[in-house]
Amino acid sequence: MNRPPSPYPFLASKPDHIGCITLLGAPLDATGSFRPGAAEGPVGIRWASENLETYSPVLDRDLEDYDIGDGGDIELAGLSIPDALAHIESTTGKLLDAGTIPFILGGEHTIALSIARAVFARHPDAMILHFDAHADLRESYAGETYCHASWAYHAGRAFGFDRIVQLGIRSGLRNEFRLGRARCAHFSMGLDLPDTVRAQLAAHPVYLTLDIDVLDPAFAPGTGTPESGGPTYYELIARLYSLADLHVVALDINEVAPPHDPSGITCAAAAKLAREMMLMFGR
Ligand SMILES: [Mn+2]
């Protein structure tokens, strides 16, 4: 499908602008295990946003009342994986230092390790709220230490597994499920969140990372590793609405793969999630 790059329509007037939230594309697509395509995620989400209103009737808030910036896409061509991860970390860190909330559009989920490093360097008491079909708790995968299937393991090793809440997880090795259930602050195949865990999230700065494949493939087929048995868009957004009071300091939507999204519904879901998250977590 031929989709010319286009900015969020409500951001078109603010390129290279730092707002209360600043979008940033991170089109990393180096370690995908099944099928590539996430490099086009930022373009696809921006494209789908052209069909969205700036107003959310659920939240009764309008992006026109927010100062949203867009830092464009990080240039990653030709970089090794460690260099690309370092570049994403430093770019995210600069946005955090500027006082904005970075909203990164992936790209493969490996970018979350860079974002976590940037967040924890500035918020050592942060927590990671991770929506995904996959635990991403492997030590390594297919010869890669740092990849889309291992970033959460390395974030847990670096910052504490008890700093990670994982929701929607329905795929992984037996060892990943044992690790997640034993050591993460919360680990669920569904979207349930006990009051104690919710209170813990509310008491800390939160980095929210959302793999679009947490949705059932019926709602988000355009992704690298679709996994049946997930929530609907409605169920996922209801959980997010319930968390609108959290102090989110960084967030992302990743693993959108437009080449596998011929009808555009995955990009549409990601763009709407992005709008609602900006309206919820922007200040
Ligand atoms: Mn996943």
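1. Strand 9 sends its side chains two ways. Val206, Leu208 and Leu210 point to one side, Tyr207, Thr209 and Asp211 to the other, and all are buried. Here buried means 20 or more other C-beta atoms within 10 Å of a residue's own, exposed means 12 or fewer, and partly exposed lies in between, with C-beta atoms placed from the backbone. The strand covers residues 206–211, and 6 of its 6 residues are buried. In general, side chains of a regular strand alternate between the two faces of the sheet.

2. A note on the basis. This is a predicted model, in which local features need pLDDT of at least 70 and side-chain atom pairs count only at pLDDT 80 or more, while totals for chains, interfaces and linings use all residues. Residues are numbered from 1 along each chain as its sequence is written. Helices (H or I, at least four residues) and strands (E, at least two) are DSSP runs, numbered from the N terminus.

3. The sheet is open. Its 8 strands follow the order 4-1-5-10-9-6-7-8, with parallel pairing. Strand 4 (68–73) and strand 8 (186–187) are the edge strands, each pairing on one side only. Two strands pair if DSSP finds at least two bridges between them.

4. Strand 9 has strand 6 and strand 10 as partners. Strand 6 (residues 127–131) runs parallel to strand 9 and is joined to it by 5 bridges. Leu129 stands opposite Leu208. With strand 10 (residues 248–254) the pairing is also parallel, over 6 bridges. Val206 has Val248 as its bridge partner there. From strand 9 the chain passes through helix 7 (residues 233–241) to strand 10, a right-handed β-α-β crossover. Right-handed means that, with the strands pointing away from the viewer, the path from the first strand over the helix to the second runs clockwise.

5. Leu210 faces Ile253 in strand 10. Helix 6 (residues 195–202) packs on the sheet and touches strand 6, strand 7 (164–167), strand 8 and strand 9. The direction of helix 6 makes about 125° with that of strand 6. Contact means C-beta atoms, placed from the backbone, within 7 Å. Axes are lines fitted to C-alpha atoms, for helices over the stretch in contact, and angles run from 0 to 180 degrees between N-to-C directions.

6. Look next at helix 1 (residues 41–49) and helix 8 (residues 265–281). Their axes come within 8 Å and cross at roughly 75°. Helix 1 is therefore roughly perpendicular to helix 8; that term covers 65 to 115 degrees. Gly44, Ile45, Trp47, Ala48 and Ser49 of helix 1 meet Cys267, Ala268, Ala270, Ala271 and Ala274 of helix 8. The contact has 8 nonpolar, 2 polar and no charged residues.

7. Check the backbone at three sites. A cis peptide bond joins Gly106 and Gly107, with omega about 15°. Gly107 lies in the loop between strand 5 (101–106) and helix 3 (111–122). Asp60, not a glycine, has a positive phi of about 55°. Asp60 sits in the loop between strand 2 (55–56) and strand 3 (61–62). With 8 C-beta neighbours inside 10 Å, Asp60 counts as exposed. Asp136 also has a positive phi, near 55°. The loop between strand 6 and helix 4 (151–159) holds Asp136. Asp136 is buried, with 31 other C-beta atoms within 10 Å.

Terms used. Angles under 35 degrees count as roughly parallel, over 145 as roughly antiparallel, 65 to 115 as roughly perpendicular and the rest as oblique. Two residues are in contact if their C-beta atoms, placed from the backbone, lie within 7 Å. Ala, Val, Leu, Ile, Met, Phe, Trp, Tyr, Cys and Pro count as nonpolar, Asp, Glu, Lys and Arg as charged, and the others, Gly among them, as polar.
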